[in-house]
Amino acid sequence: MADDKLFTLSIIAPERIFYEGKASMVELSTSEGDVGIYKNHIPMTLLIVPGIVTITEEVGKRQAAIHSGFMEVLPDKVTIMAEIAEWPEEIDVNRAREAEARAERRLQMRDPMLNLNRAEIALRKAMVRLELTGQK
């Protein structure tokens with residue numbers, strides 16, 4: 001792949017630089033919907049929602065779970081600041097299943113004192129982890 005089609009991609013989580021490299025495309029879920037970014041995209045900033053990020057590199061594609069944050073897009077660089085970023089092999093499937101069950105129970109309770117938005121986000125995070133690991 002010609003270098004003129006590649007941009008610098010950085011994914012930064014609070015505890016580490018999760019990914020840094022060259023990509024031809026990055027796809028992920030935002031508050032505005034799913035987006036795909038190529039080199040020379042117009043500059044913008046987007047809010048990230050829990051989902052799977054797909055990184056297209058010269059040698060293939062890699063996927064990871066991204067849980068909330070924001071993304072800055074510049075013509076030759078994309079920076080993602082993520083609350084949590086995980087490769088599939090880092091995900092504890094049993095823990096994700098338990099989190100999914102807990103979130104579903106909270107949503108079924110319909111307690112007015114319960115923060116439903118928080119329970120919905122927890123459910124989405126668990127579902128993303130399970131989908132990424134092939135367990136959903």
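Let's start with one residue: Arg16 has 30% relative accessibility and so counts as partly exposed. The model you are looking at is a predicted one, and Arg16 is a good door into its charged side chains.

**A pair and its network**

Which residue forms a salt bridge with Arg16? Glu15 does, and the closest N and O atoms of this pair are 3.6 Å apart. Glu15 counts as exposed, at 56% relative accessibility. The link goes further, since Glu15, Arg16 and Glu90 belong to a network of salt bridges. In general, side chains of opposite charge can pair when their charged atoms come close.

**The chain as a whole**

Stepping back, the chain has 8 strands and 2 helices. Following the sequence, you meet them in the pattern β-β-β-β-β-β-β-β-α-α. Taken along the principal axes, the C-alpha atoms fill a box of roughly 55 × 30 × 25 Å. Of the 136 residues in the chain, 42% are buried. The accessible surface is about 8000 Å², and carbon and sulfur atoms account for 50% of that. Contacts across the sequence are worth a look too: among those between residues at least 6 apart, 54% join residues at least 24 apart.

**Salt bridges between helix H2 and strand E8**

How many salt bridges does the structure hold? There are 4, and the table shows three of them, including the pair you have already met.

| Salt bridge | Closest N and O atoms |
|---|---|
| Glu15 and Arg16 | 3.6 Å |
| Lys125 and Glu83 | 2.7 Å |
| Arg129 and Glu86 | 2.7 Å |

Take Lys125 and Glu83, which form a salt bridge with their closest N and O atoms 2.7 Å apart. Lys125 lies in helix H2 and Glu83 in strand E8 (residues 77-86), so the pair ties together parts that are 42 residues apart in sequence. Is Lys125 buried or exposed? Lys125 counts as buried because its relative accessibility is 15%, under the 20% limit for that label. Glu83, with a relative accessible area of 40%, is partly exposed.

Helix H2 spans residues 116-132, and Lys125 has its place there. Leaving out residues up to four places away in sequence, Lys125 touches Pro50, His67, Ser68 and Glu83.

Now for Arg129 and Glu86, a salt bridge whose closest N and O atoms are 2.7 Å apart. This pair links distant parts of the chain, with Arg129 in helix H2 and Glu86 in strand E8, 43 residues apart. Arg129 is buried, at 17% relative accessibility, and Glu86 is buried as well, at 13%.

**Patches on the surface**

Turn next to the surface. Where does positive charge gather? Arg95, Arg102, Arg105, Arg106 and Arg118 form a surface patch of positive charge. Helix H1 (residues 93-109) gives the largest share of this patch, 4 residues. Arg105 sits in helix H1 and counts as partly exposed, at 48% relative accessibility.

There is a nonpolar patch as well, made by Leu47, Phe70 and Met81 and covering about 280 Å². Leu47 belongs to strand E5 (residues 44-48) and is exposed, with a relative accessible area of 54%.

Finally, consider charge over the whole chain. The chain has 18 positive and 22 negative side chains, and the centres of these two sets are 5 Å apart.

Methods: Residues numbered from 1 in each chain as written. Predicted model: local features only at pLDDT ≥ 70, side-chain atom pairs only at ≥ 80, totals over all residues. Heavy atoms only, no water. Buried < 20%, exposed > 50% of the residue type's maximum accessible area, 1.4 Å probe, protein only. Contact = heavy atoms within 4.5 Å. Areas by Shrake-Rupley, 256 points an atom, 1.4 Å probe, with all protein chains shown as cover. Lys, Arg positive; Asp, Glu negative; His and termini not counted. Charge placed at Lys NZ, Arg CZ, Asp CG, Glu CD. Patch = residues over 30% accessible without salt bridge, like charges linked within 9 Å, V, L, I, M, F, W, Y side chains within 5 Å. Salt bridge = Lys/Arg side-chain N within 4 Å of Asp/Glu carboxyl O.
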